[in-house]
Amino acid sequence: MAIMGNDKTVIDLLNELIELEYEAIEAYEAAVGRVEESRDRARIQGFLGEHLRQVRELCALVRQLGGEPASASDLKQMLKRGKVVIVGLFGDRPVLEAMKVNEAESERLHERIAARPGLPDAVRLVLRKHLATEHRHHDWIVDRLDAGAGLLRL
Ligand SMILES: [Fe+2]
């Protein structure tokens, strides 16, 4: 069945988010292996789980619209910025700083897409929910940095 024009646009936008989610998942996987403070690592592991759930929900929306979700292997051609940055870092604080940048980028993209006119209600609902999750992730990282996470204590 041919995909209607608006649906094609929505599918492309959702696939943009899916690719960002795969980037986030790679970055979180790298971060989980690097953050030493166990409570922070546990929290990051929880965020990783939320990103895995989000990507599943986005893929389901794409399929409902008759599209083909972007796959993690589509990313192989891309730069994988988040992961590359985090793999090169040493210490909890730089990892948290890099994650803060990733989350801020994710918030911006969710905000931009969720505000577009003509989105199906089901899509807008999911995007708003994911945006709230991204705000929560970003706020937690900012709070940890403000509290001095990863700073050397003498
Ligand atoms: Fe996030």
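The legends below describe close-up views of a predicted model.

**View 1. The protein chain is built from helices, with 5 helices and 0 strands.** Read from the N terminus, the elements run α-α-α-α-α. The chain has 154 residues, of which 45% count as buried. Helix H1 covers residues 5-32 and helix H2 covers residues 38-64. Helix H5 spans residues 121-146.

**View 2. An iron ion is held by side chains of His51, Glu103, Glu134 and His137.** The donor atoms are NE2 of His51, two OE atoms of Glu103, two OE atoms of Glu134 and ND1 of His137. Their distances to the iron ion run from 2.1 to 2.7 Å. The site has 6 donor atoms, and the angles among them range from 48 to 159°. For six octahedral donors the ideal angles would be 90 or 180 degrees. The site of the iron ion is classed as irregular. To count as octahedral, six donors need opposite pairs over 155 degrees apart and all other angles between 65 and 115; the angle of 48° at this site falls outside those limits.

**View 3. Glu134 and His137 are iron donors from one helix, H5.** Along the chain, the donors of the iron ion follow the spacing H-x51-E-x30-E-x2-H. Glu134 and His137 are 3 residues apart in H5, so about one helical turn separates them. Glu134 and His137 are both buried.

**View 4. Tyr28, Phe47 and Trp140 make up one aromatic cluster.** The count of aromatic pairs comes to 2. In the pair of Tyr28 and Phe47, the ring centres are 6.3 Å apart and the planes stand at 85°, so this pair is edge-to-face. Because Tyr28 belongs to helix H1 and Phe47 to helix H2, the pair ties together parts that are 19 residues apart in sequence. Tyr28 is buried, as is Phe47. Phe47 also pairs with Trp140, again edge-to-face, at 5.4 Å centre to centre and with 90° between the planes. Trp140 lies in H5 and Phe47 in H2, so here the parts tied together are 93 residues apart in sequence. Phe47 has a relative accessible area of 3% and is therefore buried. Trp140, with 12% relative accessibility, counts as buried too, because the cut-off is under 20%.

**View 5. Helices H1 and H2 pack against each other in a roughly antiparallel arrangement.** Two packed helices are described by the angle between their axes and the distance between the axes. For H1 and H2 the angle is about 160° and the axes are 9 Å apart. The two helices are therefore roughly antiparallel, as the angle is over 145 degrees. H1 passes H2 in a left-handed crossing. The aromatic pair of Tyr28 and Phe47 joins these two helices.

**View 6. Helices H2 and H5 are likewise roughly antiparallel.** Their axes come within 11 Å of each other and cross at roughly 165°. The crossing of H2 and H5 is left-handed. Phe47 in H2 and Trp140 in H5 form the aromatic pair between these helices.

**View 7. Helices H1 and H5 pack with their axes 13 Å apart.** The angle between H1 and H5 is about 25°. That makes H1 roughly parallel to H5, because angles under 35 degrees are classed in this way. The crossing of H1 and H5 is left-handed.

Methods. Residues are numbered from 1 along each chain as its sequence is written. This is a predicted model: local features need pLDDT of at least 70, side-chain atom pairs count only at pLDDT 80 or more; totals for chains, interfaces and linings use all residues. Side-chain values use heavy atoms; hydrogens and water are left out. Donors are N, O and S atoms within 2.8 Å of the metal (3.2 Å for Na, K and Ca); water is not among the atoms, so sites may look incomplete. Four donors count as tetrahedral if all angles lie between 85 and 135 degrees; four count as square planar and six as octahedral if opposite donors are over 155 degrees apart and all others between 65 and 115; anything else is irregular. Helices (H or I, at least four residues) and strands (E, at least two) are DSSP runs, numbered from the N terminus. Buried means under 20% relative accessible area, exposed over 50%, partly exposed in between (1.4 Å probe, protein chains only). Rings of Phe, Tyr and Trp (its six-membered ring) pair if their centres lie within 6.5 Å; planes under 30 degrees apart count as stacked, over 60 as edge-to-face and the rest as tilted. Axes are lines fitted to C-alpha atoms, for helices over the stretch in contact, and angles run from 0 to 180 degrees between N-to-C directions. Angles under 35 degrees count as roughly parallel, over 145 as roughly antiparallel, 65 to 115 as roughly perpendicular and the rest as oblique. A crossing is left-handed if the near helix is turned anticlockwise from the far one by less than a right angle, and right-handed if clockwise.
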